[in-house]
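Hi,

Here is the structure I said I would pass on. Have a look at it first, and my notes follow below.

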Amino acid sequence: MAEEDPNPRPKRTPEQLVEGLVALLDVEELDTDLYRGMKLPGGRGRVFGGQVIGQALQAAQRSAEGKDAHSLHAYFMRAGDDALPIVYRVVRDFDGKSFATRRVIATQNGQPILNMAASFQVAEKGLHHQDAFPADIPPPQDLKSESELRVEAAQAMPEEHRARFLRWSSPIDVRPLHPRNWFSPTARDPITYSWIKAVAPLGDDRAMHRAILAYASDMGLMATSMMPHGVNWMTPGMQTASLDHAMWFHEDFRADEWLLYAMDSPWAGHGRGMNRGSIFTRDGRLVASVAQEGLIRKREPRR
């Protein structure tokens, strides 16, 4: 008999999932340049890195009116607790006619968990070139979502773990070209593609679209550096965590329309893995680039 879930959650509609994500990233102003990010409802573990990045970016965007975020560089220092709110302090380092820079310190229980620098620019025209859209990528409607893939994978799980595995629901629809094997990963080239978008329509707040893409950019990226080694975060003895995360916004986009997330890993070593990402619209525009280094430490079993 399957183990009863001690904390059952009612199934939420796509609209409710997106409303929850917007509420999560819509930081509350406590004082000038001081904000609070709400805790994750029902949180019981480590804060998802994309949440901290998205909330920190939103805090920075609140103080840079008239300019759009074009880059961010974040360092994770401590694991956050997703059952607690996070406080964000913004430092206005520079305000120019074209550019502005901000620093954000995210804290919990008086301890910093993330430092982020972000830069903002007034929109202008200029020289332009970009990488080409990857070839031979099937459209998202031809691929299964991660939710569907989880249902299929759960059939091979022991009943006592199945309910918790299937409880996962995300406000981001992820459709991978190469579905991952959660339980028995095999070595493969560190290149992967996923279509991503919010599961329901969003409003027209461009800052929120950037915050949501920053949130989604942390989904699946670090796993790329583990692919050549036939391991993942569920492999016994694996210790994984994001160390830093950088992102550049190139063009306007909508996070509720399909975007292709192309990821690769050029290097891993010394317990760290380097990952890169390029995000394209369906019509081939390169709208964002991502880089992240993560901890991928394989601990040997104790004797």
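The hairpin of S10 and S11 has 2 residues between its strands, and His-270 there takes a positive phi near 60°. Bear in mind that this is a predicted model. S10 and S11 (residues 272-281) run antiparallel and are joined by 9 bridges; one pair to look for is Met-263 with Gly-277, its bridge partner in S11. On to S8: this strand pairs with S10 (residues 259-269) over 6 bridges, again in the antiparallel sense, and Ser-194 stands opposite Tyr-261 in S10.

The hairpin of S1 and S2 also has 2 residues between the strands, and in that one Asp-33 has the positive phi near 60°. S1 is joined to S2 (residues 34-37) by 3 bridges, with the strands antiparallel. If you want a landmark, Asp-31 sits opposite Leu-34 in S2. S2 then pairs with S4 (residues 86-95) through 4 antiparallel bridges, and there Arg-36 faces Val-87 in S4. Next comes S5 (residues 99-108), which S4 pairs with over 8 bridges in the antiparallel sense. Arg-89 has Ile-105 in S5 as its bridge partner, and the hairpin from S4 to S5 goes through 3 residues.

Now for the whole sheet. It is open, with 12 strands in the order S1-S2-S4-S5-S6-S3-S9-S12-S11-S10-S8-S7, and the pairing is antiparallel. S1 (28-31) and S7 (172-176) are at the edges with a single partner strand each, so one side of each has no neighbour in the sheet. From one strand to the next the twist averages 25°. Further along that order, S9 (residues 238-249) and S12 (residues 286-298) run antiparallel and share 11 bridges; Trp-248 is opposite Ser-289 in S12.

Then the packing. The largest nonpolar core has 54 residues, and the ones with the most contacts inside it are Tyr-88, Leu-114, Met-116, Leu-213, Met-247 and Ile-279. Helix H5 (residues 206-216) gives this core its largest share, 7 residues. There is also a second, separate core of 7 residues, which includes Ile-137, Leu-143, Trp-195 and Phe-280.

Two residues are worth clicking on here. Leaving out residues up to four places away in sequence, Leu-213 touches Ile-196, Met-247, Phe-249, Phe-253, Leu-259, Ile-279 and Ala-288. The other is Met-208, which lies in helix H5. Met-208 counts as buried because its relative accessibility is 8%, and the cut-off for buried is under 20%. Beyond its neighbours within four places in sequence, Met-208 is in contact with Val-22, Leu-25, Asp-26 and Gln-58. For a sense of scale, Met-208 and Asn-275 are 67 residues apart in sequence and 25 Å apart in space, C-alpha to C-alpha.

What about empty space? The count comes to 1 cavity of 30 Å³ or more. The largest cavity holds about 50 Å³ of space, and its lining is made up of Ile-172, Ile-196, Lys-197, Ala-198, Ile-212, Leu-213, Ala-216, Ala-255 and Leu-259. S8 (191-198) and H5 are the elements that give two or more residues to that lining. Leu-213 therefore turns up twice in these notes: among the residues with the most contacts inside the largest core, and in the lining of the largest cavity.Last, a pocket. The second largest pocket has a volume of about 640 Å³. Of the 23 residues lining this pocket, the closest to its centre are Gln-121, Glu-124, Phe-249, His-250 and Glu-251. The elements that give two or more residues to the lining are S3 (68-76), H5, S9 and S12, and S3 gives the most, with 3 residues.

If you open just one view, I would start with H5: this helix gives residues to the largest core, to the lining of the largest cavity and to the lining of the second largest pocket.

Cheers

Definitions and conventions. Residues are numbered from 1 along each chain as its sequence is written. This is a predicted model: local features need pLDDT of at least 70, side-chain atom pairs count only at pLDDT 80 or more; totals for chains, interfaces and linings use all residues. Side-chain values use heavy atoms; hydrogens and water are left out. A nonpolar core is a set of buried Ala, Val, Leu, Ile, Met, Phe, Trp, Tyr and Cys residues joined through side-chain atoms within 4.5 Å. Buried means under 20% relative accessible area, exposed over 50%, partly exposed in between (1.4 Å probe, protein chains only). Contact means heavy atoms within 4.5 Å. Two strands pair if DSSP finds at least two bridges between them. Axes are lines fitted to C-alpha atoms, for helices over the stretch in contact, and angles run from 0 to 180 degrees between N-to-C directions. On a 1 Å grid over the protein atoms alone, a cavity is a set of points where a 1.4 Å probe fits but cannot get out, and a pocket is an open set with protein on both sides within 12 Å along at least five of seven lines; lining residues have an atom within 4 Å of a point. Grid points are joined across faces, edges and corners, and a volume is the space filled by probe spheres set on the points.
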